[in-house]
Amino acid sequence: MRRREFMAMSAGLLALGAPLRSIARTSLGGGTLTTISDGTLALPLALPQDVPAAELAELSARFGLEPSATTPRPLNVTLWQSGDRTVLFDAGSGPAFVDTAGALYDNLDAVGVALEQVTDVVFTHAHPDHIWGIIDDFDEIAFPEAQLWIGQSEYDYWTDPATTDSLDETRKFFAVGAARRLEAIAGNLTTFADGDEVLPGITARMTPGHTPGHMSFLVSDGGQRALVLGDAATNGHLNFARPDWPSDSDQDREQAAETRARLFRDLAGEATMLIGYHLPGDGLGRVEAEGDGYRFVPL
Ligand SMILES: [Zn+2]
């Protein structure tokens, strides 16, 4: 039995445990955008500190936010199919991160995409829920035919031996895990810079702060556009209402807030679709100005 057949079989057995299967699809020009769930992450909600208390109370009530409440955070991997390209933005969490995630391989199968058919995997950043899934249970690249792409500065940051020491205890394993995977895939990996057209119709936009080299991607086809946001915004409430407020999910909170504010200013009023890795409604929607801030409008 080939390894992949064994994997398919064991995945089928595991499916009895009912992995979350959430899939949303829309056309963009001549191509198809699909968001495919990798599962969820259960994280306690951390409300921002050092922000005006009255406004935080008002927004918390509006969005029903309870401090420290554990809410499942969706994991929306974007699949872009156009011409002879089958492109994944990020690779999910894989088998080694948490039990509630790692459903991507099964859910790709459910939409009729074999792992061997993926031509490219483009990474937004190297956090566990975005890059660990590039390596499967057999320590092999999960998408054996794919060319892999990551921003040069993100690559440099996580492969720098000094990075692990610079992070606090709770995040050290991010660095160890990223470095190990980037090393394992180095032979298939190409780096790019801010503004590069990574693949035809796919342009990189540096959106730093969540991680130092975080990238978002503008996908254009037939005059229509979508921005694959990655984790430049990680929730559909406070990140939009007050993009300038610090968010606990971000490594450099000040820089991430500046990035978000600039991004939404550029996108509000545009017809550009938005796809957020952790945003509700399968991550697909657009941004609209509201009051002094914005709101996320699911598709
Ligand atoms: Zn992240």
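In the predicted model, Arg-295 is partly exposed, with a relative accessible area of 36%, and its side chain takes part in salt bridges with two glutamates. One of these partners is Glu-288, which Arg-295 meets at 3.0 Å, N to O, and which is itself partly exposed at 25% relative accessibility. The other is Glu-290, whose salt bridge with Arg-295 spans 3.8 Å, N to O, and which counts as partly exposed at 36% relative accessibility. Through shared partners, salt bridges join Glu-58, Arg-62, Arg-286, Glu-288, Glu-290 and Arg-295 into one network.

The structure holds 12 salt bridges. Among them is the pair formed by the side chains of Arg-225 and Glu-270, at 3.1 Å, N to O, which links distant parts of the chain, since Arg-225 belongs to strand 11 whereas Glu-270, 45 residues apart from it, lies in the loop between helix 9 (253-267) and strand 12 (273-276). Arg-225 is partly exposed, with a relative accessible area of 33%, and Glu-270 is likewise partly exposed at 33%.

Asp-231, located in the loop between strand 11 (224-230) and helix 8 (238-241), is buried yet has no salt bridge, the nearest side chain of opposite charge being that of Arg-73, 6.3 Å away. The side chain of Asp-231 does, however, make a polar contact with the side chain of His-210 at 3.1 Å, and, neighbours within four places in sequence aside, residues in contact with Asp-231 include His-125, His-130, His-214 and Asp-250.

The largest pocket has a volume of about 1000 Å³. Of the 46 residues that line this pocket, Leu-43, Pro-44, Arg-73, Thr-234 and Ser-249 are the closest to its centre.

Note on methods. Residues numbered from 1 in each chain as written. Predicted model: local features only at pLDDT ≥ 70, side-chain atom pairs only at ≥ 80, totals over all residues. Heavy atoms only, no water. Helix = DSSP H or I, 4+ residues; strand = E, 2+ residues; numbered from the N terminus. Buried < 20%, exposed > 50% of the residue type's maximum accessible area, 1.4 Å probe, protein only. Lys, Arg positive; Asp, Glu negative; His and termini not counted. Salt bridge = Lys/Arg side-chain N within 4 Å of Asp/Glu carboxyl O. Polar contact = N/O pair within 3.5 Å; in protein donor to acceptor, adjacent residues only side chain to side chain. Contact = heavy atoms within 4.5 Å. 1 Å grid on protein atoms, 1.4 Å probe; cavity = no way out; pocket = protein on both sides within 12 Å on 5 of 7 lines; lining within 4 Å. Points joined across faces, edges and corners; volume = space filled by probe spheres on them.
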